[in-house]
Amino acid sequence: MTATDGSVATTATADPRFAAARQVADAVLLEGYVLYPYRASAAKNRLRWQFGVLVPPVWGPAHGEHACQRTEVLMEPKGDATLALELRFLHAQRRTVQRALDGGGFAEVDELHLADRVLVPWDEGTEEHVELTVPVAELTGDGVTVPFTRPARDDIETVVGDDGRTAGRLVRRTEEIEGVLRLRAVELDGAYRVFRLTAVVENTSPWTPGVGAAAGSDAVVAADREAALPRSLVAAHLLLGLDSGSFLSMTDPPEWAREAVAACENLHTWPVLAGEAGRADVVLSSPIILEDHPAIAPESAGAMYDATEIDEILALRTAALTDQEKREARGTDARAAAVIDLADSLPPEVLERLHGAVRSLREVTGPDGPEQITEIPDEEAVFRPDTPWWDPAGADTADPARDRITVDGAPVGPGSRVLLRPGPRRTDAQDLFLHGRAALVEAVLHDVDGGVHLAVTVEDDPGADIRREQGRFLYFQPDEVTLLEDA
């Protein structure tokens with residue numbers, strides 16, 4: 001067995017199987033790290049580190065947080081297979097700001113103004129790794145236990161002003177972290193050679209709330225989350241890889257393995273197949289629930305520490321920040337500064353690409369898009385600008401004002417009176433309050449997925465005429481109404 005608890009890349013990091021999964025793992029590691037508008041003063045950046053936080057065991061139970069996470073996944077190793085594992089997490093370090101005094105020395109301040117940024121106190125996150133390579137055979141029996149430690153340290157960074165003189169300094173305090181990684185594999189009974197792999201990550205730090213000491217001070221640290229975070233494993237997750245064999249999907253296992261998969265116990269994390277699609281030799285166990293083979297959107301130009309679905313609006317809003325707001329963001333964190341620089345430098349063609357893509361068409365068009373048309377199609381198959389698909393005079397015969405559908409063997413359409421019976425799938429209490437009320441059908445609508453919806457106004461509603469004039473109806477599906485006998 002070879003292992004390291006340092007942050008220097010070793011065999012596991014260099015493993016090419018982790019390359020594709022690492023992009024997603026990085027997104028998990030830094031999800032929510034710093035949010036728009038990327039300033040420490042923003043309300044949304046005052047409560048941080050929501051995902052995968054493993055706190056010291058003494059503090060966690062009383063505050064609803066956890067000291068450990070447990071991953072269980074099934075694997076089919078071949079021959080003398082070897083398991084590569086990488087535990088990844090952030091270690092929060094507290095940064096304070098000091099201004100240089102005219103007579104010498106430094107004084108702690110809330111802000112230090114420079115030409116391009118405003119430095120403020122902030123908790124930075126440094127990436128940590130615990131890496132392990134072990135034969136699967138060694139994981140049977142009592143398994144393998146790997147303790148790890150991150151020592152406390154103090155770092156000082158001198159800040160130089162535009163005039164070349166020392167303007168101040170940043171003092172970073174990193175608290176000690178202790179943890180343990182436990183691995184065990186159990187072969188299951190059955191026709192196939194299948195093992196249940198259990199990986200437990202635990203924070204074992206002996207820190208006791210209320211007795212923390214700051215660098216150079218005997219002050220008592222309050223027993224709150226802010227005191228526990230520097231001693232916590234933040235955004236903790238695992239990368240697992242087999243050099244020979246495969247893992248089984250936990251969300252879509254083969255039929256013969258469903259019972260064994262259901263018996264797996266995963267606490268505060270969820271394992272999915274990662275890496276390239278079609279392969280099953282890498283697993284990402286994440287505190288954020290993902291699907292098998294998750295991937296970063298190829299349109300994403302860089303990390304913005306939020307869902308990639310809104311990269312476009314984040315880029316546009318970030319570019320619209322004032323110069324002073326950008327100075328504050330740049331002084332908050334180096335990663336926030338990188339976001340500002342990214343938004344300011346995006347060329348129009350990249351920004352346009354963020355507008356989105358219809359991935360569901362890739363199976364039809366292929367990865368390079370549709371083939372070029374080499375011959376003129378039949379005239380009837382071409383959409384003309386003067387007859388768009390929504391034009392009532394076009395070929396489409398859909399007409400909400402005249403269409404009728406069949407409900408319980410009777411035609412229902414505009415003018416029909418129905419009794420509303422919204423089903424349990426409704427999550428809107430306002431709709432459930434209308435159960436048993438009579439309504440008038442105003443239109444029959446069809447959506448692009450083939451669904452049918454009835455636009456209705458409720459009888460005895462004093463605002464029905466206004467709703468009808470403005471087209472502001474209530475919508476129910478056919479199985480949520482009953483035709484009244486006098487209709």
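**Salt bridges and burial in a predicted model**

Trainee: At 43% relative accessibility, how does D116 count: buried, exposed or partly exposed?
Mentor: The model is predicted, and the relative accessibility of D116 in this model is 43%. Buried requires under 20% and exposed requires over 50%. D116 meets neither limit, so the class is the one in between: partly exposed.

Trainee: With which residue does D116 form a salt bridge?
Mentor: Side chains of opposite charge can pair when their charged atoms come close. For D116 the closest N and O atoms of the pair are 3.6 Å apart, which is inside the 4 Å limit. The partner has a relative accessible area of 26% and is partly exposed. That partner is R117.

Trainee: How far apart are the closest N and O atoms in the salt bridge of D341 with R330?
Mentor: The salt bridge joins an Asp, D341, to an Arg, R330. Its closest N and O atoms have to lie within 4 Å to count. The separation in this pair is 2.9 Å.

Trainee: Which helix holds R330, and how many residues separate R330 from D341?
Mentor: The pair links distant parts of the chain, with D341 in helix 7 (residues 334–345). R330 lies in helix 6 (residues 323–332), and the separation along the chain is 11 residues.

Trainee: What is the relative accessibility of R330?
Mentor: Its partner D341 is partly exposed at a relative accessible area of 39%. R330 also counts as partly exposed, so its value cannot be under 20%. The relative accessibility of R330 is 23%.

Trainee: With which residue does D461 form a salt bridge?
Mentor: D461 is partly exposed, with a relative accessible area of 24%. The closest N and O atoms of its salt bridge are 3.2 Å apart. The partner is partly exposed at 32%, and that partner is R467.

Trainee: Which residues do salt bridges that share partners join into one network?
Mentor: Here the salt bridges share partners, and the residues they join form one network. The members are R22, D26, E86 and R88.

Trainee: How many salt bridges does a search of the whole structure find?
Mentor: The pairs D116 with R117 and D341 with R330 are among those discussed here. The search covers the whole structure, and its total is 32.

Trainee: What percentage of the residues in the chain is buried?
Mentor: The chain has 11 helices and 23 strands. Among contacts between residues at least 6 apart in sequence, 68% join residues at least 24 apart. Of the 487 residues, the buried share is 43%.

Definitions and conventions. Residues numbered from 1 in each chain as written. Predicted model: local features only at pLDDT ≥ 70, side-chain atom pairs only at ≥ 80, totals over all residues. Heavy atoms only, no water. Salt bridge = Lys/Arg side-chain N within 4 Å of Asp/Glu carboxyl O. Buried < 20%, exposed > 50% of the residue type's maximum accessible area, 1.4 Å probe, protein only. Helix = DSSP H or I, 4+ residues; strand = E, 2+ residues; numbered from the N terminus. Contact = heavy atoms within 4.5 Å.
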